[in-house]
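I opened this entry to keep track of what I looked up in the model, mostly charged side chains and where they sit.

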There are 2 protein chains.
Amino acid sequence: MQMAVQQTLVPVDEATLQAVATEEKMDLDTLQARVQNGEVVIWGEADGAVKPTAIGTGLRTKVNANIGTSPDFSNLEDELDKLHAALTVGSDTIMDLSISGDIDRIRREIRAACDVPLGIVPIYQAAIEAQQRYGSIDKMTVDQIFEVIERQAADGVDFMTLHCGVTRRSVAALDSSERVCGIVSRGGSMLAKWMEDNNAENPLYEHYDRLLAILRRYGVSASLGDGLRPGAVADGSDRGQISETQVLGELVLRARESGVQVFVEGPGHIPLDQIAGNVILQKRLCHNAPFYVLGPIVTDIAPGYDHITSAIGGALCAAAGADYLCYVTPAEHLGLPTTDDVVEGVITARIAAHAADIVKGVPGAAQWDEQMSRARRDLDWTTMTELAIDPGEVIRRRGERASLDPAACSMCGKFCSMKIDQTRHHAGT
Amino acid sequence: MQMAVQQTLVPVDEATLQAVATEEKMDLDTLQARVQNGEVVIWGEADGAVKPTAIGTGLRTKVNANIGTSPDFSNLEDELDKLHAALTVGSDTIMDLSISGDIDRIRREIRAACDVPLGIVPIYQAAIEAQQRYGSIDKMTVDQIFEVIERQAADGVDFMTLHCGVTRRSVAALDSSERVCGIVSRGGSMLAKWMEDNNAENPLYEHYDRLLAILRRYGVSASLGDGLRPGAVADGSDRGQISETQVLGELVLRARESGVQVFVEGPGHIPLDQIAGNVILQKRLCHNAPFYVLGPIVTDIAPGYDHITSAIGGALCAAAGADYLCYVTPAEHLGLPTTDDVVEGVITARIAAHAADIVKGVPGAAQWDEQMSRARRDLDWTTMTELAIDPGEVIRRRGERASLDPAACSMCGKFCSMKIDQTRHHAGT
């Protein structure tokens, strides 16, 4: 199996590998070996329009921002604003989840303006076009789904979320369990509904080889979606979720054998004590494919604050081995995010990812904190501001709540512990 | 030892015990046994001005909000505003950390307006009065410190942070280690400076029996402060911290023997992978005294977002057994918090505490989430709003980003997964 994978995987050019190795401070041979065995997925090209970016074992935990129109807020300019804002605050990748307006045009405009890897979820557009043409999602045809996938691939997206694990068997497992929240994935619910109404298997599963052929032709990575992810902490790690994960594990191997880079999406809503176990299970069942998590959210009771509930879960999940965090904004469960929500979501996810990278031993991660701590000890506000994950926020808050003592802050002023401690003879190193 | 403790602990009246047992859904005998062996600390009285509130094994994780003046923002009305805001959004306790203005008057006004347990840090006022009277913190005298402690106790505070573990030996341990950030506790730095300048032992340690006598007389609990806590993730679990914790463990036993309720404060800044170990160590060395954590913050690089860095650490710490979380606001490391910061801090800490309570098995915790999830499945926005930790934020966001489809939200509109999934025959339970 290992040999077959090594022979067939889409080759990544040397310059791109070198760019990633340098950026990540990883030995080139190690990186190459991990790309070959599927533990690392690489997007972009050293001399291309998309910045070389990689996810997987030993690499910095990456952050994705979802943007895109909805029926209620369907404005390309707004989404381009969100794109620019997300890139400005350091989102590593973007997903365009548009479900309203001229979806092709929106995607192409976002692609043109986006210099980081771009992902998409083809089933949305396929379902929406079926509704527009035939009046119902149920009327979506297999050829139509694949036509949309090829159209999107041809536009140069880097990866696609494909809910291939929403099979008749895994949906039956979900339906026979005592799940509180059913199917909470937009794509998963569309597919399960279509499968029931047409008494048919999931086309993305049944025609997986056809799918892989398109992905390989256009050099698009497969993000195997978790259409049956739990959407309530009560549903965490249940039969539906695990049944789907098992299917995804099989599909990881088939993607690798076909020369398609592949990674796997994960939950969702998970209680704190199940997070590490979920990562172990996912990595084991999915053959160490990079793990892309949507949260996980650790409590359901905080709509308006789900950037925080997901930061808790995301940090823990990444520390346990997840490689890539999809941001969650404060608007989650309540509405389409604004640009401000996007900014808050990206920064919060970056904080979670970085907290994990410190303990994952990602090169440079702990050093960043130590530099900040030294600047804090020295009351060096210029360096503290420069090193802050959001320098603008530091400047804003320091301006609004300034201390008369410029060396201190207005919490303690002259009673600053750093100032007092520096007057001791034996203090510090 | 156990017998001695049972004989001498300040008795908690039956009605108060019963009020806590009912509120916490804990068997009365279990609660009483845990109060007696020191695993639970109770404040307030069933028929008094302070709501009966308890921290410790098996109880809901509690949240504290720090308020109080600083030299730069020294306005009683502002602090009373913060008090009311903190109570409105569900802070379980309040600490008044005022270090400017008429500190006695501020404390008394806050006490009068505060119907939950109130804590204080006497060394601040002692140091400030020494500076005012004698021109320097170094001139603080032992009698003066104890006079302040008694004055504050007589005002009816419920607990006091006492940095008794900042001993000559533990400070030497800190100074001989390679700590990045030195002493970052305001009280800790004041005491260490005083000790050095006076070539003397910490009076709160040296005269611990005198301290306990005052606490016992006024029924005030001891919150053994961690004046040597790490203030950088690089300093987590270092010699200085652990040396102090060992001292605090000895002092826990002496407090119990003297009939004084006692709990222990903990870090601080700690990397994610050291949090569970810190809780185990703290509980073991401190004889299962309730553990009150100040964070922990899991990365240093996010000033402006330390409510989030501490939510990550606090959730994990509470899940591992910490009993009581001191909030951290977005203003931490940058300035004195505003009322908005206080609100954000309390809600964020409550989210972290609740995420932990789900996995701690605290009665009612998981049920809250399940009710929310059922309302979410049913698209019952009235119930979702009522159950939200911040209903006002749900209403505000739903108002600003409303969907034309009142059953859905503006993220998906008619493509809501809940709506689609409900049309499947086999869906749900």
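I began with B:Glu129 and B:Arg151, which are both buried. The model is a predicted one, and I read the values below with that in mind. The two side chains form a salt bridge, with N and O 2.8 Å apart. I then checked where each one lies: B:Glu129 is in helix α6 (residues 122–134) of chain B and B:Arg151 is in helix α7 (residues 142–154) of chain B, so the pair ties together parts 22 residues apart in sequence.

I stayed with B:Arg151. Its relative accessible area is 16%, and because buried means under 20%, B:Arg151 counts as buried. B:Arg151 also meets B:Glu147 in a salt bridge, at 2.7 Å from N to O. I noted that B:Glu147 and B:Arg151 both belong to helix α7 of chain B and are four residues apart, about one turn of the helix. B:Glu147 is partly exposed, since its relative accessible area is 36%.

Next I turned to chain A. There I found a network of salt bridges that links A:Asp104, A:Arg107, A:Arg108, A:Glu129, A:Arg133, A:Glu147, A:Arg151 and A:Asp155. I also looked up A:Glu109, which forms a salt bridge with A:Arg105, the closest N and O atoms lying 3.4 Å apart. Both residues are in helix α5 (residues 103–113) of chain A, four residues apart, or about one turn of the helix. A:Glu109 is partly exposed at 31% relative accessible area, and A:Arg105 is partly exposed at 45%. Over all chains I recorded 56 salt bridges.

I then looked for charges on the surface. A:Asp13, A:Glu14, A:Glu45 and A:Asp47 form a negative surface patch. I located A:Glu45 in the loop between β1 (40–43) and β2 (53–56) of chain A. Its relative accessibility is 43%, so A:Glu45 counts as partly exposed.

Back in chain B, I looked up B:Asp380, which sits in the loop between α16 (365–377) and α17 (381–387). B:Asp380 is partly exposed, at 29% relative accessibility. Its C-alpha atom is 28 Å from that of B:Lys360, a residue 20 positions away along the chain.

Last, I took down the overall figures for chain A. I have 19 helices and ten strands for its secondary structure. Of its 429 residues, 65% count as buried. The C-alpha trace spans about 80 × 45 × 40 Å along its principal axes. The radius of gyration of chain A is 23 Å, which agrees with the value near 22 Å for a compact globule of 429 residues.

Note on methods:
Residues are numbered from 1 along each chain as its sequence is written. Chains are lettered from A and ligands numbered from 1 in the order in which they are written. This is a predicted model: local features need pLDDT of at least 70, side-chain atom pairs count only at pLDDT 80 or more; totals for chains, interfaces and linings use all residues. Side-chain values use heavy atoms; hydrogens and water are left out. Patches are made of residues with over 30% relative accessible area and no salt bridge: like charges are joined within 9 Å, nonpolar side chains (Val, Leu, Ile, Met, Phe, Trp, Tyr) within 5 Å. Accessible areas come from the Shrake-Rupley method with a 1.4 Å probe; for residues, only the protein chains shown count as cover. A salt bridge is a side-chain nitrogen of Lys or Arg within 4 Å of a carboxyl oxygen of Asp or Glu. Lys and Arg count as positive and Asp and Glu as negative; His and the chain ends are not counted. The place of a charge is taken as NZ of Lys, CZ of Arg, CG of Asp or CD of Glu. Helices (H or I, at least four residues) and strands (E, at least two) are DSSP runs, numbered from the N terminus. Buried means under 20% relative accessible area, exposed over 50%, partly exposed in between (1.4 Å probe, protein chains only). The radius of gyration is taken over C-alpha atoms; the globule rule is 2.2 Å times the number of residues to the power 0.38.
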